[in-house]
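Here is a short report on one protein model. Keep the sequence and the 3D view open as you read.

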Amino acid sequence: MDSDGTQDARGTHANPVPRPAGPPEVPAAPPRPASAPGVPPRPDGSAFLTWLRTPRPQAAPGVWRFGYTPRPEEEPERIPGRQLLSGAVIAFLVGWLIWSLLWNGYLGGWWVVPLELFTPDSWLHSGDRVGNAVLWYGYYTLIALAIMLVVGRLGRWGEVWRRYGPPAWSPAARTPEHRPPAPEQDPAEWPQLRAAGASDAAERLAAEARAGLMRDVDHARITRAWQSVLTGRHSLAAFTGAVLTEGSAACLHPSGDRDLPARLARHDLVTGQVRLGTTADDARNPYAFRGTGLGLGPELLGTSLLAVGPAGSGKTGAVVWPLAESLCLHALAGRAAVVVVGAAGAGLGPADAYDVVVRIGNPESVHDLDLYGGATDPDEAAAVLAEALVGDLAEPHQGGDTRRSTTVLAQLLGPFRAVHARFPSVPELRQLLDGAPGALGALRQALEGSGQESLLRELDARKRQLSHPGDVAGVLADRVALLDRPGFAGFFDTSGQSRPFSLKALDHPVRVRIDLPQRGHADASRMLARLVLAQFTASVAVREDRSLFACLVFDDATGVVTPEAVRGIQRLRSGNAGVVLTLRTLDDVPRPLRGPLLGSIGCRMALAGLTPWDGQDFAEVWGKEWTEARDVTDRQIIAETPAGKAVHMLRRVITGKAPTARAVTVRQVERERWSASELAHAVPPGHAVLSLTDVTGEHAPPLLVDLRG
């Protein structure tokens, strides 16, 4: 044995041979750390798995489905607390009285007859005092429990326990527990991939989810890619190979981003919803909606949304940016394409949250805006440009000035493109509309001898119309002059020297933000907003991939609503697209267009601070409903006898009121869901009244929602 108590390896001799001296032993290297110093440990996937496995039951439109617990349609009758407690106490006293009367023999001995009839005589007369005590007191206990059961049901002791007992003390006790799903139904195990034979890919994704390497955007993006496999757009082998190679980073967005730099709102990418607030616990809301979260997704935005409220009511911070943020996440998942339009510095998110940022009027802008929307047909380009230039001057009926303006522009765009293989720039278009002899003469000279006689006739017709007093070219030239300013000198280039953005790119999951100039260019900003809307409605109608949801979000739609814009919004639903419009007041919309606009949009929101005349338009579109009205009348009781008069006098002295009899009349009446006065004066700050309709036609009534919750 050595001095430390260990046995020598050479044997058990009493005098072992001493060891020769050797080099000192080198201590073993410490284990390699799992991560670099100062880096927090990698989280596990428990939080992600809990989020993924949370139930999301089907619900009415607008209900936040994440962890939602359905409520009954009608509110259960709730007994007032004072009445409930007094009834429970009275029931206890009644039970105590009945037991006392039975125990003391005031009600006779009939209640012990069943025991004497069904118990053998050998038990009753056995002389065993302990056995008899157990028998009789057991029977007494059974009778007492029966009395307690009866009076407990009469006194609603169970309701008292649920309302005032331990179940009401702990919030966790009121939260229903969710059972873990079965393995074949566990979304974290990707059962749809296993059923299709892609077990290796499912195992890789499940392992990364458990390891904390997967995010909600990754799950949504891979789910979208799997849907493209099911529809036949991509092969199963290509999908499986990408997943086995990249794991949860497979099928990335072209930008390479897997999430936004920061999030403001709460999102659920399994259902595609973003939570905007909470439905108020108000008597004017249906009971099934009270206290539930308000969640909006593409199925609701596909019918478009209009939000009206004064400045400071929360349109941008509580509505526009959360929706834009949600659509940007959908774009990263390959589900949507979004274009956000607003003033520079309006708070529509950081530039890193978008793929393309067009800062019109800012010399530092990397991207430009295509004035013609990527069109190659002169007639198509003329129609879109005419809507942008003079759409607000058109009459509400079909046609109006827009048709004439389209003809004028087409007479110039067609010949110019035939000569230069491009459309004219803003200065060139202004010269052509002004009828400058040099510009028109040079264009005609270039066309002569080319054999394009139809284009020459177009130029001759344009030259003849210049002398007519009703020619709209002057109006068009004045509108184009708003863009021919030094501040826009480097924009709207058609020579190919810039990087113009075209809304033809909506076939791809792009995230675009367009900053409009406001200071000194308000008219130009409204004109550009109409241009973007016209290009959007024209582009979504000819998209090849309509499975991609396209949405155009306006932070301020003042001056955007025109007759053609309303007709274009009505056609968006069939193209899996929608728009989000915000207005300070409906006065920004021409009176003949307010009804068609509210009728063509499925989701309508009236924020706090609305004017009564704006509220009247909302009240008319929301209509009326049948409600139950209760009329209560008090009728004074006249006593006929001296005793009755004395009792009434005593009652008046005690209560201070004359004896009355109450009569209640219940009748069905038709009243407005929300009146103009209620919308103007009864909506608290930070709240809004919102009605919803999804793309399938299912709708939710106007709801009072708290946008701050």
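The sections below go through strands, cores, a helix, aromatic rings and two loop residues.

## A covered strand

This is a predicted model. Begin with strand S12, residues 603-607. The strand is mostly covered, and five of its five residues are buried. In a regular strand the side chains alternate between the two faces of the sheet. S12 can be read that way: Cys 603, Met 605 and Leu 607 point one way. Arg 604 and Ala 606 point the other way. Even Arg 604 is buried here.

What does S12 pair with? One partner is strand S4, residues 305-308. S4 and S12 run in the parallel sense, over four bridges. Leu 305 stands opposite Cys 603 in this pairing. Another partner is strand S15, residues 687-693. S12 and S15 run antiparallel, and four bridges join them. Here Met 605 stands opposite Leu 690.

## Nonpolar cores

The largest nonpolar core has 96 residues. Leu 409, Phe 492, Ile 514 and Phe 536 have the most contacts inside it. Helix H20, residues 522-540, gives the most to this core, with 10 residues. Apart from this core lies another, of 48 residues. Tyr 68, Val 319, Val 553 and Leu 707 are among its members.

Now look at Phe 492. Which residues does Phe 492 contact, leaving aside neighbours within four places in sequence? They are Ile 360, Asp 368, Leu 369, Leu 371, Val 426, Leu 483 and Leu 528.

## Aromatic rings

The structure holds 15 aromatic pairs. In one pair, the rings of Phe 491 and Phe 492 have their centres 6.4 Å apart. Their planes meet at 55°, so the pair is tilted. A pair counts as edge-to-face only over 60 degrees. Both Phe 491 and Phe 492 are buried.

Rings also gather in a group. Trp 99, Trp 103, Trp 111, Trp 136, Tyr 137 and Tyr 140 form one aromatic cluster.

Some rings have a charge over them. The charged end of Arg 56 sits over the ring of Trp 51, 5.1 Å from the ring centre. The charged end of Arg 71 sits over the ring of Tyr 287, 4.1 Å from the ring centre.

## An enclosed helix

Helix H14 covers residues 378-390. How far should its 13 residues span at 1.5 Å a residue? The expected span is 18 Å. The end C-alpha atoms are 18 Å apart, which agrees.

Is H14 enclosed or open? In this helix 10 of the 13 residues are buried, so H14 is largely enclosed by the rest of the structure. The buried residues include Pro 378, Val 384, Leu 385 and Val 390. Glu 387 is also one of the buried residues.

## Two loop residues

Ser 304 is found in the loop between helix H12 (298-301) and S4. Is Ser 304 buried or exposed? Its relative accessibility is 1%, so Ser 304 counts as buried. The cut-off for buried is under 20%. Not counting residues up to four places away in sequence, Ser 304 touches Ile 569, Leu 572, Gly 578, Val 579, Ile 601, Gly 602 and Cys 603. Cys 603 belongs to S12, the strand that opened this report.

Gly 697 has its place in the loop between S15 and strand S16 (699-706). Gly 697 is partly exposed, with a relative accessible area of 42%. Compare its position with that of Asp 259. The two are 438 residues apart along the chain, and their C-alpha atoms are separated by 32 Å.

Note on methods
Residues numbered from 1 in each chain as written. Predicted model: local features only at pLDDT ≥ 70, side-chain atom pairs only at ≥ 80, totals over all residues. Heavy atoms only, no water. Phe/Tyr/Trp six-rings, centres within 6.5 Å; stacked < 30°, edge-to-face > 60°. Buried < 20%, exposed > 50% of the residue type's maximum accessible area, 1.4 Å probe, protein only. Lys NZ or Arg CZ within 6 Å of the ring centre and 35° of its normal. Pairing = 2+ DSSP bridges. Core = buried A, V, L, I, M, F, W, Y, C linked by side-chain atoms within 4.5 Å. Contact = heavy atoms within 4.5 Å. Expected span 1.5 Å × (residues − 1).
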